[in-house]
Amino acid sequence: MTNGLVAYAEIVKTSIASRMAYRGDFWISSLMTIAGELVVPLLTFLIYRSGASFPGWSLNEVLLIQAVFLLSKGIAFPFFFGIVWNTLDRVREGTFDLLLIKPRSALYMALVTGFQPDGLGRLLGGVLLVGVAAWNVPAAGIVDWLLFAVLMLLSVMVLFSFALFMSGLLFRWVGSSRVYDIFDSVTSFGLYPRTVFSKSFVGLVLHAVPVMMIGFIPASALLGKLPQDVWIAAAVSFAFFLLSLAFWHRMLGNYTSAGG
């Protein structure tokens with residue numbers, strides 16, 4: 001495992017060095033990515049300025065939820081979400097077979113070769129936005145921050161699970177980028193407090209597909225509003241991850257080489 005991490009670190013360094021050969025394009029791409037992610041927080045700000053609000057939640061509390069959501073994606077997209085476009089491109093071009101003959105597992109190779117330096121801009125934006133949002137809410141204690149760190153790990157795990165499901169689908173649904181649209185639509189519910197949804201819908205996006213683990217649940221730990229059923233969401237997140245691994249390997253087993 002240590003050798004795998006060292007190899008991955010070297011690939012990350014090489015990818016960043018290669019991308020920085022075109023610094024202007026890199027920074028413009030990063031800024032455009034951050035600007036796109038800030039659309040929802042901006043709309044939230046405008047909603048509260050107009051006099052409307054999410055009942056029971058202040059502007060800064062909602063912005064913290066959305067900042068944590070952005071931070072989770074900022075971790076996921078550069079480091080392992082590239083497995084989706086990597087699989088999409090390789091299956092479409094018939095070159096995924098090259099990963100199968102490597103001495104490492106196909107999942108590991110798809111992961112490390114899919115590192116996306118441009119996603120680091122999203123990570124930086126997430127860190128800054130969380131810092132600003134956390135500064136404007138009551139200070140959380142050490143225990144709250146530790147709990148937040150644990151829940152962030154689960155948040156990233158859920159995003160990794162989505163990446164596995166999406167890339168697994170591409171073994172059969174060859175070359176379709178619509179999986180990104182599905183992902184954005186499904187995960188967008190993690191941007192808002194659970195109280196804005198009906199109880200039955202919360203059961204779906206928290207206890208069936210743990211979308212709210214991505215933003216709402218970790219932020220709630222810092223706000224002192226952690227729901228009592230968080231342990232159920234944590235268990236579902238683990239189950240979701242195991243299911244995604246099984247799904248990916250099952251779909252890989254059905255892969256029929258060039259062109260899917």
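What share of the contacts in the chain with a separation of 6 or more is accounted for by residues 24 or more positions apart? In this predicted model, such residues account for 79% of those contacts. The secondary structure comprises 13 helices and 0 strands, and the pattern read along the sequence is accordingly a succession of α elements. Of the 260 residues of the chain, 47% count as buried.

The largest nonpolar core contains 75 residues. Within this core, the residues with the most contacts are Leu64, Phe81, Phe96 and Trp248. Helix α9 supplies the largest share of the core, namely 14 residues. In soluble globular proteins, nonpolar side chains tend to be buried together. Two of the residues named above, Phe96 and Trp248, are in contact with each other. Apart from neighbours within four places in sequence, the further contacts of Phe96 are Thr87, Arg90, Val91, Ala106, Ala110, Phe171, Leu252 and Tyr255.

Helix α9, which spans residues 142-169, takes part in two helix pairings described here. The first involves helix α5 (residues 82-93), whose axis lies 8 Å from that of α9 at an angle of about 5°. Because angles under 35 degrees count as roughly parallel, α5 is classed as roughly parallel to α9. On the α5 side the contact is formed by Ile83, Val84 and Thr87, and on the α9 side by Ala163, Leu164, Met166 and Ser167. By class, the residues of this contact comprise 5 nonpolar, 2 polar and no charged.

The second pairing joins α9 to helix α12 (residues 216-223), with axes that come within 8 Å and cross at roughly 180°. The two helices are therefore roughly antiparallel to each other. Helix α9 contributes Asp144, Trp145, Leu147, Phe148, Leu151, Met152 and Ser155 to the contact, while α12 contributes Ile217, Pro218, Ala221 and Leu222. The residues of the contact divide into 9 nonpolar, 1 polar and 1 charged.

Individual residues illustrate both pairings. Met166, located in helix α9, has a relative accessibility of 5% and therefore counts as buried. Its contacts beyond four places in sequence are Phe81, Val84, Val179, Tyr180 and Phe183. The C-alpha atoms of Met166 and Trp85 are 9.5 Å apart in space, although the two residues are separated by 81 residues in sequence. In the α12 pairing, Ile217 belongs to helix α12 and is buried, because its relative accessibility is 0%. A C-alpha to C-alpha distance of 8.5 Å separates Ile217 from Ser155, 62 residues away in sequence. With neighbours up to four places away left aside, Ile217 is in contact with Leu151, Leu206, Met212, Leu226, Pro227 and Val230.

Phe81 is situated in the loop between α4 and α5. With a relative accessible area of 1%, Phe81 is buried. Residues touched by Phe81 beyond four places in sequence include Leu159, Ala163 and Met166, as well as Ala76, Gln116, Tyr180 and Phe183. Phe81 and Leu159 are 78 residues apart in sequence, with a C-alpha separation of 8.1 Å.

Helix α4 (residues 59-79) has 21 residues and extends 31 Å from its first C-alpha to its last, a span close to the 30 Å expected at 1.5 Å a residue. This helix is mostly covered, with 18 of its 21 residues buried. Lys73 lies in α4 and, with a relative accessibility of 7%, counts as buried because it falls under the 20% cut-off. Outside its neighbours up to four places away, Lys73 touches Glu37, Pro78, Arg122, Leu159 and Asp184. Leu159 is thus a contact of Lys73 and also of Phe81.

Contacts with helix α8 (residues 120-135) are represented by Leu123, which lies in that helix. Leaving aside neighbours within four places in sequence, Leu123 is in contact with Leu71, Gly74, Ile75 and Phe79. The C-alpha atoms of Leu123 and Leu70 are separated by 7.6 Å, the two residues being 53 residues apart along the chain.

Methods: Residues are numbered from 1 along each chain as its sequence is written. This is a predicted model: local features need pLDDT of at least 70, side-chain atom pairs count only at pLDDT 80 or more; totals for chains, interfaces and linings use all residues. Side-chain values use heavy atoms; hydrogens and water are left out. Axes are lines fitted to C-alpha atoms, for helices over the stretch in contact, and angles run from 0 to 180 degrees between N-to-C directions. Helices (H or I, at least four residues) and strands (E, at least two) are DSSP runs, numbered from the N terminus. Angles under 35 degrees count as roughly parallel, over 145 as roughly antiparallel, 65 to 115 as roughly perpendicular and the rest as oblique. Contact means heavy atoms within 4.5 Å. Ala, Val, Leu, Ile, Met, Phe, Trp, Tyr, Cys and Pro count as nonpolar, Asp, Glu, Lys and Arg as charged, and the others, Gly among them, as polar. A nonpolar core is a set of buried Ala, Val, Leu, Ile, Met, Phe, Trp, Tyr and Cys residues joined through side-chain atoms within 4.5 Å. Buried means under 20% relative accessible area, exposed over 50%, partly exposed in between (1.4 Å probe, protein chains only). The expected span of a helix is 1.5 Å times one less than its number of residues.
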